[in-house]
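Hi,

Here is the structure I promised to pass on. Have a look around first, and then read on for what turned up in it.

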Amino acid sequence: MGNKCEEKIIFNGKTYVQTFFDDFDGDKLDDSKWSKCPEWQRQDYGGYWKDDCSYLKDSMLVVEARKDGDMLYSGAIRTKEKFYQGYGLYKFRFKAEKTTGCWYALWLMSETEEVIGGGAVGGAEIDIIEIISNDPAYSEDEKKYLNSAVHWDGYGKDHKTKASRHLIDDAFYDTWHEVTFEWTPEYYKAWLDDCATPFWDTTGMAEEYGGINTQPNYMKITAEFGKWGGKIDESVLPCHLYVDWVKVWKAE
């Protein structure tokens, strides 16, 4: 379980003050903090985000991906219109089941990401981690990884992105992990568990990432189907992402 009593912490020599906490206690999503994402079609396999694929169980958020008949469904929640923050420290405790044909993501979204010409400075999608289990673009020992990325200038012909891969193995799945993400005016950095070295670090690379986003973002926790996740294996469906808690702080 998460600990609410962390109003202030010291991280990387800076004092951070807590601005958001949810340990998903109870039997339903806290609608003062989260909403279900719209039930719309996603990606190239034609899967839909569906409300009943996001739910609480055993004091955890469960994000499910499944196939019903010929239809693909997955869960997605967000803090849009309820919680936004620009810069800060984000922590998620999560556990992912291994799957193929879909992926899970912990990410941030700006309301101004689709404004063209401002670079990522004026608004960006920030993917802290996307958990990829079977990317067909890579050889067998490189198919599984955490993808961290920034997207800006919309999703049409002007779309731009910069990403970084961090390879994982089968031991990563069905095990609890903590991801820590720090967003400052100078960089994005992300750490896994107690590792002292970030697996994603944009220090000195701001220009490659379209500049550092200055706009407040809301959080999203999702699963979705698509060819990027490899061929769908129905024998591993339904599959699930579990989130124990989410914590956010802002520099004092």
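Let's start with the aromatic rings. Ring pairs tie Tyr 87, Tyr 90, Phe 181, Trp 183, Tyr 188, Trp 200 and Tyr 209 together into a cluster. Keep in mind that you are looking at a predicted model.

How many aromatic pairs are there by the ring rule? The count is 17. One of them is edge-to-face, because the rings of Tyr 87 and Trp 183 have their centres 5.7 Å apart and their planes at 75 degrees, and over 60 degrees gets that label. This pair links distant parts of the chain: Tyr 87 belongs to the loop between β9 (76-78) and β10 (88-96), Trp 183 belongs to strand β15 (residues 177-183), and 96 residues separate them. Are the two partners buried or exposed? Tyr 87 has 26% relative accessibility, so it counts as partly exposed. Trp 183 is down at 1%, so it counts as buried.

Now compare that with Tyr 188 and Trp 200, an aromatic pair that is stacked, with 5.8 Å from centre to centre and 20 degrees between the planes. This one also links distant parts of the chain, with Tyr 188 in strand β16 (residues 188-192) and Trp 200 in strand β17 (residues 200-201), 12 residues apart. Both Tyr 188 and Trp 200 are buried.

While you are looking at β16, click on Lys 189, which is found in that strand. Would you call this lysine buried or exposed? Its relative accessibility is 16%, and the cut-off for buried is under 20%, so Lys 189 counts as buried. Leaving aside neighbours within four places in sequence, Lys 189 is in contact with Thr 180, Phe 181, Glu 182, Pro 198, Trp 200, Asp 201 and Thr 203. Two of those names, Phe 181 and Trp 200, may ring a bell from the aromatic cluster. To get a feel for distances, try Lys 189 and Met 71: they are 118 residues apart along the chain, and their C-alpha atoms are separated by 37 Å.

Some rings have a charge for company too. The charged end of Lys 50 sits over the ring of Tyr 73, at 5.1 Å from the ring centre. Arg 165 lies over the face of Tyr 138, and here the distance to the ring centre is 3.7 Å.

Next, zoom out to the whole chain. Its secondary structure comes to 0 helices and 19 strands. The radius of gyration is 17 Å, close to the 18 Å that the globule rule gives for 252 residues, so the chain is as compact as a globular protein of that length. Along its principal axes, the C-alpha trace spans about 50 × 45 × 35 Å. Of the 252 residues, 53% count as buried. If you take the contacts between residues at least 6 apart in sequence, 71% of them join residues at least 24 apart. The accessible surface is about 11200 Å², and carbon and sulfur atoms account for 48% of it.

How are the strands arranged? An open sheet is formed by 7 strands in the order β3-β9-β18-β11-β12-β13-β14, with antiparallel pairing. Which strands stand at the edges? They are β3 (35-36) and β14 (160-167), each with a single partner strand, so one side of each has no neighbour in the sheet. Further in, 3 bridges join β9 to β18 (residues 217-225), and the two run antiparallel. Thr 222 in β18 is the bridge partner of Ala 76.

On the edge strand β14 you will find Ser 164. At 21% relative accessibility, Ser 164 counts as partly exposed. Apart from neighbours within four places in sequence, its contacts are Leu 146, Asn 147, Ser 148, Phe 199, Trp 200 and Tyr 209.

Last stop: the hairpin of β1 and β2. Along β1 (residues 8-11) the side chains alternate: Ile 9 and Phe 11 point to one face and are buried, whereas Lys 8 and Ile 10 point to the other and are not. Strand β2 (residues 14-22) runs antiparallel to β1 and is joined to it by 4 bridges. Phe 11 stands opposite Lys 14 in β2. The hairpin has 2 residues between its strands, and Asn 12 takes a positive phi near 50 degrees.

Have fun exploring!

Terms used: Residues numbered from 1 in each chain as written. Predicted model: local features only at pLDDT ≥ 70, side-chain atom pairs only at ≥ 80, totals over all residues. Heavy atoms only, no water. Buried < 20%, exposed > 50% of the residue type's maximum accessible area, 1.4 Å probe, protein only. Pairing = 2+ DSSP bridges. Phe/Tyr/Trp six-rings, centres within 6.5 Å; stacked < 30°, edge-to-face > 60°. Lys NZ or Arg CZ within 6 Å of the ring centre and 35° of its normal. Contact = heavy atoms within 4.5 Å. Rg over C-alpha atoms; globule rule 2.2 N^0.38 Å. Areas by Shrake-Rupley, 256 points an atom, 1.4 Å probe, with all protein chains shown as cover.
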